[in-house]
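Q: Please take a close look at one part of this model, the surroundings of a single residue in its core, and then work outward to the rest of the chain. A plain account is enough.

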Amino acid sequence: MPIVNGRREPAGCRPRKRAQRKRRGLRKARACGHTDREPTASVGPLAGNHIDSGEVTATTRELDELLAGVSTVTVLTGAGVSTGSGIPDYRDRDGEWKHAPPMQYAEFSGSDAARRRYWARSYVGWQRFGKARPNAAHHALARLEGAGRIDTVITQNVDRLHSLAGSRNVIDLHGDLSKVRCIDCDDMSLRHRFQRELKDANPDWHAHVSGYRPDGDVELAATGQDDFRVPGCRKCGGRIKPDVVMFGESVPRLRVEAAMSAVDRSGALLVVGSSLMVFSGFRFARRAHETGKPIAIVNQGKTRADDIAAVKVEADCGELLPRLGAQHLAGAASA
Ligand SMILES: [Zn+2]
């Protein structure tokens, strides 16, 4: 049976999942909102935080129970993990676009005007995006990997912040913005170098920025973008593209297979900061579900996998993950 929007499951799976949840004492929970359990008396280091610390304690305990019951987890992250680094996310709490949807690959590759618009916006956006640094959530995941608790981090983000935080086994599912590639001859070079080429080609160009977007893009006033000059490939004069999987493109097959293998090797899937609205990410939740692996979700707002998750925590991952990490690291140290 096909899974549509994560709402349908193969016959017979749901009762088994319910039984598993009941056995593990797991339930869906909210760290900042309603909860169906009385907040515990235990108040941890988050006392004074805007999140009710008792509820956070209860929900992190459930995450801990799940994670403690498996050898390793694979983590799937989305834009929500990088908002604490000043990179905005794509979607609101209901999974709807916050901005106009990103440019499609067919438009980018097929239109000089579209590429001028893209690179004009990216030229401005990179001045901020290129300086983003990992936040507490990235660092917490890197520490958990170092403690042997995480097999792989699969990220839908293109900011390389997991690697910068020290995570070693990272699959950049959608590529990363630190490189550019020629569509026509496949020559690869660094984004920083292309940024200098863009600057040199547009010495007097200025634009009014009206907003920042998650993929290093910005919203610019309409005027001026058509005057932006985009240098061609140094080798063939062809079309330069960010080395990311644009909307309308497919993730390279080998990359998907490596990510699927990580899910298959691990005992559970932890989704952090993603609504999973895009199939390229959702398929890993579906794989975990189909192979009987529990799914835990830390995300503010609904996700496409809410109905198949063993644990759902609505919390700021930059606040929750360091706490989770601390518990596991303490456990590892005392073992
Ligand atoms: Zn080329």
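A: Buried residues make up 42% of the 335 residues in this chain, and the model is a predicted one. Its secondary structure consists of 10 helices and 12 strands. Of the contacts between residues at least 6 apart in sequence, 71% join residues at least 24 apart.

The residue chosen for the close look is Ala296. The largest nonpolar core has 47 residues, and Ala296 is among those that touch the most other members, together with Leu269, Val271, Ala285 and Ile295. Once neighbours within four places in sequence are set aside, Ala296 is in contact with Leu63, Leu66, Ala268, Leu270, Ala309, Ala310 and Val311. In soluble globular proteins, nonpolar side chains tend to be buried together.

One of these contacts, Val311, is also placed by strand pairing: Ala296 stands opposite Val311 in β12. Strand β11, residues 295-298, runs parallel to β12 and is joined to it by three bridges. In a regular strand the side chains alternate between the two faces of the sheet. In β12, residues 311-314, Val311 and Val313 point one way while Lys312 and Glu314 point the other way. Both pairs are buried, the charged residues Lys312 and Glu314 included.

Two other contacts of Ala296, Ala268 and Leu270, fall within the range of β10, 268-272. The loop between β10 and α9 contains Leu276. Leu276 is not a glycine, yet its phi is positive, about 60°. Leu276 counts as buried because it has 27 C-beta neighbours inside 10 Å, where 20 or more are required.

After this loop comes α9, residues 279-290, which packs against α8, residues 253-265. Two packed helices are described by the angle between their axes and the distance between the axes. For α8 and α9 the angle is about 35° and the axes are 10 Å apart. Their crossing is right-handed. On the α8 side the contact uses Ala259, Met260 and Val263, and on the α9 side Phe284, Arg287 and Ala288. By class, the contact residues are five nonpolar, no polar and one charged.

Away from Ala296, other parts of the chain also hold buried elements. Strand β3, residues 150-155, is mostly covered, with six of its six residues buried. Strands of a sheet pair through backbone hydrogen bonds, either parallel or antiparallel. Strand β3 pairs in the parallel sense with β2, residues 73-77, over five bridges, and Thr74 stands opposite Thr152 in that pairing. Strand β3 is also joined to β4, residues 170-172, by three bridges, again in parallel. There the bridge partner of Ile154 is Ile171.

Helix α5, residues 136-146, is largely enclosed by the rest of the structure, because nine of its 11 residues are buried. The buried residues are Ala137, His138, His139, Ala140, Leu141, Ala142, Arg143, Leu144 and Glu145. An α-helix has 3.6 residues a turn, so residues three or four places apart point the same way. The buried set in α5 is an unbroken run from Ala137 to Glu145. After α5 comes Gly148, with a positive phi near 85°.

The antiparallel case appears in an open sheet of three strands, ordered β6-β5-β9. Its edge strands, β6 (188-190) and β9 (240-244), each pair on one side only. From one strand to the next the twist averages 40°. Strand β5, residues 175-182, pairs with β6 over three bridges, and Lys179 stands opposite Leu190 in β6.

The loop between β5 and β6 holds Asp186. Like Leu276, which has a positive phi of about 60°, Asp186 is not a glycine and has a positive phi, in its case about 70°. Their surroundings are on opposite sides of the burial scale. Asp186 is exposed because it has 11 other C-beta atoms within 10 Å, and 12 or fewer is the cut-off for exposed. Leu276, with 27 such neighbours, counts as buried.

Conventions
Residues are numbered from 1 along each chain as its sequence is written. This is a predicted model: local features need pLDDT of at least 70, side-chain atom pairs count only at pLDDT 80 or more; totals for chains, interfaces and linings use all residues. Helices (H or I, at least four residues) and strands (E, at least two) are DSSP runs, numbered from the N terminus. Two strands pair if DSSP finds at least two bridges between them. Two residues are in contact if their C-beta atoms, placed from the backbone, lie within 7 Å. Axes are lines fitted to C-alpha atoms, for helices over the stretch in contact, and angles run from 0 to 180 degrees between N-to-C directions. A crossing is left-handed if the near helix is turned anticlockwise from the far one by less than a right angle, and right-handed if clockwise. A nonpolar core is a set of buried Ala, Val, Leu, Ile, Met, Phe, Trp, Tyr and Cys residues joined through C-beta atoms within 7 Å.
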